[in-house]
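Visitor: Could you walk me through this model and tell me how each label was earned?

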Amino acid sequence: MQESFQKGAEAEYGSISEVILPESHINASLSKPGSVAYAAMKKGCMVGGAIVQIVHRISSLSTLSHRVAT
């Protein structure tokens, strides 16, 4: 994930010597309770991603029905 952010920043702003998103920040985010990582893929290559922390979970069940006219 860090590499994807670095490449994106350099594509936008040119060569950058500093690390845009240090792995320590990624690991800190992933270690929080309820954290999930998602990868954005394009043609089999990771082009980005997101780390989402779910704080409150609300569950619901929707029932769908379909009536066929006879």
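Guide: Happily; what follows is a set of questions and answers about a predicted model.

Visitor: Let's begin with the overall picture. What makes up the secondary structure of the protein chain?

Guide: The protein chain has two helices and two strands, and along the sequence they come in the pattern α-α-β-β. Of its 70 residues, 11% count as buried. The accessible surface comes to about 6300 Å², with 55% of that belonging to carbon and sulfur atoms.

Visitor: How do you know that the length of α1 fits a helix?

Guide: We can set an expected span beside the model. At 1.5 Å a residue, the 12 residues of α1 should span 16 Å, and the end C-alpha atoms are 16 Å apart, so the two agree. Just after α1 comes G14, which has a positive phi near 90°.

Visitor: Why is the pair K7 and E3 called a salt bridge?

Guide: The label asks for a side-chain nitrogen of Lys or Arg within 4 Å of a carboxyl oxygen of Asp or Glu. In K7 and E3 the closest N and O atoms are 3.1 Å apart, which is within 4 Å, so the pair qualifies. The structure holds one salt bridge.

Visitor: Where do K7 and E3 lie?

Guide: Both are in helix α1, which covers residues 2-13, and they are four residues apart, about one turn of the helix. K7 and E3 are both exposed.

Visitor: Why is Q6 called buried?

Guide: The cut-off for buried is under 20% relative accessible area. Q6 has 12%, so Q6 counts as buried. This residue is in helix α1, whose buried residues are Q2, S4, Q6 and A9.

Visitor: What touches Q6, and what covers the buried residues of α1?

Guide: Leaving out residues up to four places away in sequence, Q6 touches I16, E18, V19 and I20. As for the buried residues of α1, their cover includes α2 (23-30) and β2.

Visitor: F5 is also in helix α1. Why is F5 called partly exposed?

Guide: Partly exposed sits between the two cut-offs, under 20% for buried and over 50% for exposed. F5 has 34% relative accessibility, so F5 falls in between. Not counting residues up to four places away in sequence, F5 touches L21 and G49. The C-alpha atoms of F5 and P22, which are 17 residues apart along the chain, are separated by 9.8 Å.

Visitor: Now for the strands. How do you know that β1 and β2 pair?

Guide: Pairing needs at least two bridges between the strands. Eight bridges join β1 to β2, so they count as paired, and the two strands run antiparallel. Among the residues facing each other, V36 stands opposite V52 in β2, and S35 stands opposite Q53 in β2. β1 and β2 form a hairpin with two residues between them.

Visitor: What makes the phi of K43 worth pointing out?

Guide: Most residues other than glycine have a negative phi. K43 has a positive phi of about 55° although it is not a glycine. K43 lies in the loop between β1 (35-42) and β2 (45-53).

Visitor: Why is K43 called exposed?

Guide: Exposed means over 50% relative accessible area. K43 has 80% relative accessibility, so K43 counts as exposed.

Visitor: Which residues form the nonpolar patch on the surface?

Guide: Y38, V52 and I54 form that patch, with about 280 Å² of accessible area together.

Visitor: What makes V52 eligible for a patch, and what is its exposure label?

Guide: Patch members need over 30% relative accessible area. V52 has 36%, so V52 passes that cut-off. V52 is called partly exposed because 36% lies between the 20% and 50% cut-offs. The place of V52 is in strand β2.

Visitor: And how many of the contacts join residues far along the sequence, at least 24 apart?

Guide: Among contacts between residues at least 6 apart in sequence, 23% join residues at least 24 apart.

Key. Residues are numbered from 1 along each chain as its sequence is written. Side-chain values use heavy atoms; hydrogens and water are left out. Buried means under 20% relative accessible area, exposed over 50%, partly exposed in between (1.4 Å probe, protein chains only). Contact means heavy atoms within 4.5 Å. Accessible areas come from the Shrake-Rupley method with a 1.4 Å probe; for residues, only the protein chains shown count as cover. The expected span of a helix is 1.5 Å times one less than its number of residues. Patches are made of residues with over 30% relative accessible area and no salt bridge: like charges are joined within 9 Å, nonpolar side chains (Val, Leu, Ile, Met, Phe, Trp, Tyr) within 5 Å.
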